[in-house]
Amino acid sequence: MKAKIKEIEEKFHSEIKNISLPEHLEEIRVKYLGRKGILTSLLKQVSILSNDEKPVFGKLLNNLKTNMSTRISEEIASIKSVKRTEVKLDISLPGIKPLIGFKHPLTLITQEIKEIFFGLGFETVTGPEIETEYYNFEALNTPEDHPARDEHDSFYITSKDLLRTHTSPVQIRVMEKQKPPLRVIAHGRCFRRDATDATHSPIFHQVEGLAVDTNITFGDLKGVLEVFAKQLFGRQTKIRFRPDFFPFTEPSAEYAFSCVNCKGKGCRICKNTGWLEIGGAGMVDPEVFKMVHYDTEKYSGFAFGMGIERIAMIKYHIHDIRMFFENDLRFLRQF
Ligand code: DAH
């Protein structure tokens, strides 16, 4: 009997060694330990042994039974863990990409614009989006009957407060607090009651520039905007000034950059003019200086404004302003 037990034990171990599937292990369990299994039937035979032999063989067989079932459980566990390691090492599976944030195109272009003006000695200032009529219009020499004050152009909150229609009021706020010399830019959201289309949005962004010192001339304004144009759109960019009117500058001008697409030859983007209008500018009107108690004999200054969406549209070849505000990730992910 002893020899038989040994033989069974060896057979069991050699069989289990070559198994790699859990279902085959189950077959082995049934074969040896099942109700009609080899070991079970041997255990049944213990009862016919002599009283001396019974405990000896009973113990041997029971030990073997325990060993076998432990070994089977171990094998199952090890097959499972091998499987798990295999999954871990499956380099053919695509990785899980963490979603990282990205900057909005208007943020990107604003940063770029700011960098250029920082290089020219300007610093950034901010002002509130809800303005009083005084800062938005009056202090900027815009009289009560000016069409820009019409409720059709502006969003009024109370009879005196409105969402700012441009960044120019920041000029006044800065000059009230600081004495010249001043070189500042202010950027941010502006609001107008414009009907939405491909080039108009009731919410848009502007950059405002202001420089005040002794002996500031129109030549300084031209120089600053020319350097800006060349740094933003390339050295070949030309700049054009044409007379215009703004209540807070005198003389005033509108300025344009040579078309970045056709280099001034004329194309669809510049509507065959060769020029892209960028914004308004001029020498600060002495009436404005008077509002902030600057000495108009001593100081002169220039100011300019530009639409950030307009610049982003030119730079990134975007044809519809609405794209900036729709939050469509397919668009935003491209920047
Ligand atoms: N604030 C003007 C607008 O929104 C733009 C502008 C024109 C700003 C001339 C200026 C300027 O600083 O000098 O239409």
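What follows is a walk through one sheet, a helix that packs on it, and the surroundings of a ligand. The model is predicted, so local features need pLDDT of at least 70 and side-chain atom pairs count only at pLDDT 80 or more, while totals for chains, interfaces and linings use all residues. Residues are numbered from 1 along each chain as its sequence is written, and side-chain values use heavy atoms, with hydrogens and water left out.

The sheet is a good place to start. Its seven strands form an open sheet with mixed pairing, in the order β1-β4-β5-β9-β8-β7-β6. Helices (H or I, at least four residues) and strands (E, at least two) are DSSP runs, numbered from the N terminus, and two strands pair if DSSP finds at least two bridges between them. At the edges sit β1 (123-125) and β6 (239-246), each pairing on one side only. On average, neighbouring strands are turned by 25° against each other, direction ignored; axes here are lines fitted to C-alpha atoms, for helices over the stretch in contact, and angles run from 0 to 180 degrees between N-to-C directions. Helix α8 (residues 218-233) packs on this sheet and touches β6, β7 (249-258), β8 (275-284) and β9 (300-307), contact meaning heavy atoms within 4.5 Å. The direction of α8 makes about 30° with that of β9.

Now for the two edges. β1 runs parallel to β4 (residues 182-191), and three bridges join them; Glu-123 stands opposite Val-184 in β4. β6 and β7, by contrast, pair in the antiparallel sense over seven bridges. A hairpin links β6 to β7 through two residues, and Phe-246 has Thr-249 in β7 as its bridge partner.

That leaves the ligand. Around it are 15 residues, of which His-166, Ser-168, Arg-192, Gln-206 and Glu-208 come nearest; a residue counts as near if one of its heavy atoms lies within 4 Å. β5 (203-213), β8 and β9 each supply at least two residues of this shell. By class, the shell has five nonpolar, eight polar and two charged residues, where Ala, Val, Leu, Ile, Met, Phe, Trp, Tyr, Cys and Pro count as nonpolar, Asp, Glu, Lys and Arg as charged, and the others, Gly among them, as polar.

Some side chains make polar contacts, that is, pairs of N or O atoms within 3.5 Å. A side-chain N or O atom of His-166 is 2.9 Å from a nitrogen atom of the ligand. For Arg-192, such an atom lies 2.9 Å from a ligand oxygen atom. The protein covers 89% of the 350 Å² of accessible area that the ligand has on its own, computed by the Shrake-Rupley method with a 1.4 Å probe.

Note on methods:
Polar contact = N/O pair within 3.5 Å; in protein donor to acceptor, adjacent residues only side chain to side chain.
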